[in-house]
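Work through the exercises below with the model open. Try each task before reading its solution.

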Amino acid sequence: METQMKDLNSTPTPTPTHPPSHDYSSTKDDRPLLKPESTESIHEMEKKYAAYVRNDVYGVMGRGELPLKEKILLGLALVTLVPIRVVLAMIVLILYYLICRICTLFSTPNREDEQEDYAHLGGWRRSVIVQCGRFFSRSMLFVFGFYWISETYRIPNSQDKSEVSNQPEEPERPGAIISNHVSYLDILYHMSSSFSSFVAKRSVAKLPLVGLISKCLGCVYVQRESKSSDFKGVSVIFSLGAPLLWSHGQMSPINVGIEHSHPSGVVTDRVKEAHQDKSAPLMMLFPEGTTTNGDFLLPFKTGAFLARVPVLPVILRYPYKRFSPAWDSIAGARHVLLLLCQFVNHIEVTRLPVYNPSQQEKDDPKLYAENVRRLMATEGNMIMSDIGLAEKRIYHAALNGNNSLPTVLHQKDD
């Protein structure tokens, strides 16, 4: 018996053969950014996954070593600025909820195609919802430190005019707004600008306060997770239109892309309706499917282009000196906190002309999507990247010290 006990004690603990739980959104902040054996490849990883690398003062995942001045500013903001902004944000959210509640009293929501929304209300009710929604969305951005928004209306450069030579002098009404995806703040800007409809997880409709707001926006609800998903327990929380993915008490940007999972039939119908009916809300789609650091443009999904109608390209950038508002490789809770600690934040918007597809583009949604993407990359001075959400998950897992990845992380999104 003693010999057997000695043998057991001298035998190293075997590595589990079953895959571990990969709930990256619940990872604690004190975990290593990379395992010791992976530190040599950090620069190679940053080159490979450059679209998700943070380059601000706070470093990788917002956990870098800060200079003394930054620590002092951060400490002061935590005890002064953050509490004020949190209170003001809640006041804005509750006020708009009450307005939506009053405007929807005694009204029946639209329940076609397993959806539920108040986007098709008419008269003064819809007008109040839209105008107040735009005002309070802009107010929320102001609370977050976006005191000024620089908007530019740009005509494509002469060398690109051949690509848009088919555009008529008086463009048709677009069916959807196409935007690059940098942060959850993108939602607030587009709400304040056009009050367009978005794609959201189905459970959002049942959330307190924000559920009714999402219905007034006319969100298209989808069931995002499957029964076999490794990311169960995830829900989307909207802060007056800003989607934050919440899982087991911590927010994470890993699953921010939702455009790829919506039922294309419902979205296509809504895009066509918005194109034909001026009273219908525009659809707001992020065809990249996830967020980047703002310097890159990922491949576009074709869902936004299946309707074969004109689209309105909009480019968003967030200039910064200290903290980057981009939601790329940083936990959501940490990102929101650091954003609130920064006194001034900046956003630059470039609005391109309505893009009318040629007949060839109408017949080939992939060509349509690629041409719009190429135009946006050129006009926005962004680098076209060929990576996607799967690579983002791999990069995040590596930063958190996870080298054993579930199969889903290695699969490209459809």
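**Exercise 1. Overall make-up**

How many helices and how many strands does the secondary structure of the protein come to?

*Solution.* Keep in mind that this is a predicted model. The count comes to twelve helices and twelve strands. Next, take burial: of the 414 residues, 54% count as buried. Then take contacts between residues at least 6 apart in sequence: 77% of these join residues at least 24 apart.

**Exercise 2. An annotated segment**

Find which residues UniProt lists for "transmembrane region", then describe the chain there.

*Solution.* The unreviewed UniProt entry gives residues 72-99. Over residues 72-99 the chain is 96% helix and 0% strand. The C-alpha atoms at the two ends are 40 Å apart. The annotation may be inferred rather than shown by experiment.

**Exercise 3. An enclosed helix**

Explain why helix α12 is described as largely enclosed by the rest of the structure.

*Solution.* Start with the range: α12 covers residues 389-399. Apply the cut-off: buried means under 20% relative accessible area. Eleven of the eleven residues of α12 are buried, so the helix is largely enclosed by the rest of the structure. Charged side chains are on the list too: Glu391, Lys392 and Arg393 are among the buried residues. Now look for the packing partner: the buried residues of α12 pack against α2 (42-48). Last, check what comes after the helix. Gly401 follows α12, and its phi is positive, near 85°.

**Exercise 4. A buried acid**

Place Glu288 in the fold and work out what its side chain reaches.

*Solution.* Glu288 sits in the loop between β8 (283-285) and β9 (296-297). Glu288 is buried yet has no salt bridge. Test the nearest side chain of opposite charge: Arg373 is 6.7 Å away. A salt bridge needs the nitrogen and oxygen within 4 Å. Now turn to the backbone. The side chain of Glu288 reaches the backbone nitrogen of His181 at 2.7 Å. To complete the surroundings, set aside neighbours within four places in sequence. The contacts of Glu288 then include Asn180, Phe296, Pro299 and Lys301.

**Exercise 5. Cysteines**

How many disulfides does a search of the whole structure find?

*Solution.* The search finds zero. Check Cys100: its nearest cysteine sulfur belongs to Cys216, 3.8 Å away. The cut-off for a disulfide is 2.5 Å between sulfur atoms. Cys100 is therefore in no disulfide. Cys100 is buried, at 0% relative accessible area. Repeat for Cys219: the nearest cysteine sulfur is again that of Cys216, at 9.9 Å, and Cys219 is in no disulfide. Cys219 also counts as buried, at 0% relative accessibility.

**Exercise 6. A long-range neighbour**

How far apart are Ala280 and His120, in sequence and in space?

*Solution.* Locate Ala280: the loop between α8 (264-276) and β8 holds it. Ala280 counts as buried, at 5% relative accessibility. Ala280 and His120 are 160 residues apart in sequence, and their C-alpha atoms are 6.8 Å apart. Leaving aside neighbours within four places in sequence, Ala280 is in contact with Arg173, Glu273 and Ala274.

**Exercise 7. Salt bridges across the chain**

Count the salt bridges, then trace three pairs and a network.

*Solution.* The count comes to ten salt bridges.

- *Glu116 and Lys215.* Their closest N and O atoms are 3.3 Å apart. Glu116 lies in the loop between α4 (81-103) and α5 (123-143) and Lys215 in helix α7 (residues 210-217), so the pair ties together parts 99 residues apart in sequence. Glu116 is partly exposed at 24%, whereas Lys215 is buried at 14%.
- *Glu379 and Arg154.* The N to O distance is 3.9 Å. Glu379 is in helix α11 (residues 365-379) and Arg154 in the loop between β1 (149-153) and β2 (176-179), 225 residues apart. Glu379 is buried at 2%, while Arg154 is partly exposed at 30%.
- *Arg308 and Asp363.* The closest N and O atoms are 3.5 Å apart. Arg308 is in the loop between β9 and β10 (311-317), Asp363 in helix α10 (residues 359-363), 55 residues apart. Arg308 is partly exposed at 40%, and Asp363 is exposed at 53%.
- *The network.* Salt bridges with shared partners join Arg54, Asp56 and Asp328.

Notes:
Residues are numbered from 1 along each chain as its sequence is written. This is a predicted model: local features need pLDDT of at least 70, side-chain atom pairs count only at pLDDT 80 or more; totals for chains, interfaces and linings use all residues. Side-chain values use heavy atoms; hydrogens and water are left out. Helices (H or I, at least four residues) and strands (E, at least two) are DSSP runs, numbered from the N terminus. Buried means under 20% relative accessible area, exposed over 50%, partly exposed in between (1.4 Å probe, protein chains only). Contact means heavy atoms within 4.5 Å. Lys and Arg count as positive and Asp and Glu as negative; His and the chain ends are not counted. A polar contact is a pair of N or O atoms within 3.5 Å; within protein, one must be able to donate a hydrogen and the other to accept it, and residues adjacent in sequence count only if both atoms are side-chain atoms.
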